[in-house]
Amino acid sequence: MTDELLTVPDVMAWLKVGRTTVYDLIRTHRLPSLTIGRSRRIPAAGVREYLASRLEYERAA
């Protein structure tokens, strides 16, 4: 696996949203994540998939 793991602040900066929004996306399983020790990590591919699904949803609306 060569995919990058992002921190919550990384995802916040990438999506230009707040911490609460990122954790809500994780909690509702719209954004995949894993815990390593006490740290939450989000695969970059998961963020890309989330963005692609949102773009597809917006096009359909």
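**Three helices and how they pack**

Visitor: How do α1 and α3 run, roughly parallel or roughly perpendicular to each other?
Guide: In this predicted model, α1 and α3 are roughly parallel to each other, because their axes cross at roughly 30° and angles under 35 degrees count as roughly parallel. The two axes come within 12 Å, and α1 passes α3 in a right-handed crossing.

Visitor: Which residues meet where α1 and α3 touch?
Guide: On the α1 side they are V11, W14 and L15, and their partners in α3 are A44, V47, R48 and L51.

Visitor: Let me step back for a moment. What is the order of helices and strands along the sequence?
Guide: The pattern reads β-α-α-β-β-α, which comes to three helices and three strands. The C-alpha trace spans about 40 × 30 × 20 Å along its principal axes.

Visitor: And how much of the protein counts as buried?
Guide: Of its 61 residues, 23% count as buried. As for how the chain comes together, among contacts between residues at least 6 apart in sequence, 48% join residues at least 24 apart.

Visitor: Back to α3, then. What end-to-end distance should it have, and what does the model show?
Guide: Helix α3 covers residues 44–60, and its 17 residues should span 24 Å at 1.5 Å a residue; the C-alpha atoms at its ends are 25 Å apart, which agrees.

Visitor: Which residues of α3 are buried?
Guide: They are A44, G46, V47 and Y50. These residues cover an arc of only 160° around the axis, so they sit on the same side of α3. Two of them, A44 and V47, are also among the residues that meet α1.

Visitor: What covers that buried side?
Guide: The cover includes β1 (5–6), α1 (8–15), α2 (19–27) and β3 (39–43).

Visitor: And what is on the face turned away from it?
Guide: That face carries the exposed residues E49, L55, R59 and A60. For E49 the relative accessibility is 56%, and E49 therefore counts as exposed, since the cut-off for exposed is over 50%.

Visitor: How far is E49 from R30?
Guide: Their C-alpha atoms are separated by 9.4 Å, and the two residues are 19 apart along the chain.

Visitor: What about α1 and α2, at what angle do they pack?
Guide: The angle is about 105°, with the axes 9 Å apart. That makes α1 roughly perpendicular to α2, because the range from 65 to 115 degrees counts as roughly perpendicular.

Visitor: Which side chains or backbones are in play there, I mean which residues meet?
Guide: V8, P9, V11, M12 and L15 in α1 meet R19, V22, Y23 and L25 in α2. V11 and L15 appear here and also in the contact with α3.

Visitor: Which residues of α1 are buried, and what do they pack against?
Guide: The buried residues of α1 are V8, V11 and L15. They cover an arc of only 60° around the axis, which puts them on the same side of α1. They pack against β1, α2, β3 and α3.

Visitor: And which residues of α2 are buried?
Guide: V22, L25 and I26 are the buried residues of α2. Their arc around the axis is only 100°, so they lie on the same side of α2. Elements covering them include α1, β3 and α3, while T20 and R27 are exposed on the other side of the helix.

Visitor: Changing topic: which residue with a positive phi follows α1?
Guide: That is K16, whose phi is near 60°, a positive value in a residue other than glycine. Most residues other than glycine have a negative phi. K16 lies in the loop between α1 and α2, and its relative accessible area of 71% makes K16 exposed.

Visitor: What follows α2?
Guide: H29 follows α2, also with a positive phi, near 60°, although H29 is not a glycine. H29 is found in the loop between α2 and β2 (34–36), and at 72% relative accessibility H29 counts as exposed.

Conventions:
Residues are numbered from 1 along each chain as its sequence is written. This is a predicted model: local features need pLDDT of at least 70, side-chain atom pairs count only at pLDDT 80 or more; totals for chains, interfaces and linings use all residues. Side-chain values use heavy atoms; hydrogens and water are left out. Helices (H or I, at least four residues) and strands (E, at least two) are DSSP runs, numbered from the N terminus. The expected span of a helix is 1.5 Å times one less than its number of residues. Buried means under 20% relative accessible area, exposed over 50%, partly exposed in between (1.4 Å probe, protein chains only). The arc is that of the directions from the helix axis to the C-beta atoms. Contact means heavy atoms within 4.5 Å. Axes are lines fitted to C-alpha atoms, for helices over the stretch in contact, and angles run from 0 to 180 degrees between N-to-C directions. Angles under 35 degrees count as roughly parallel, over 145 as roughly antiparallel, 65 to 115 as roughly perpendicular and the rest as oblique. A crossing is left-handed if the near helix is turned anticlockwise from the far one by less than a right angle, and right-handed if clockwise.
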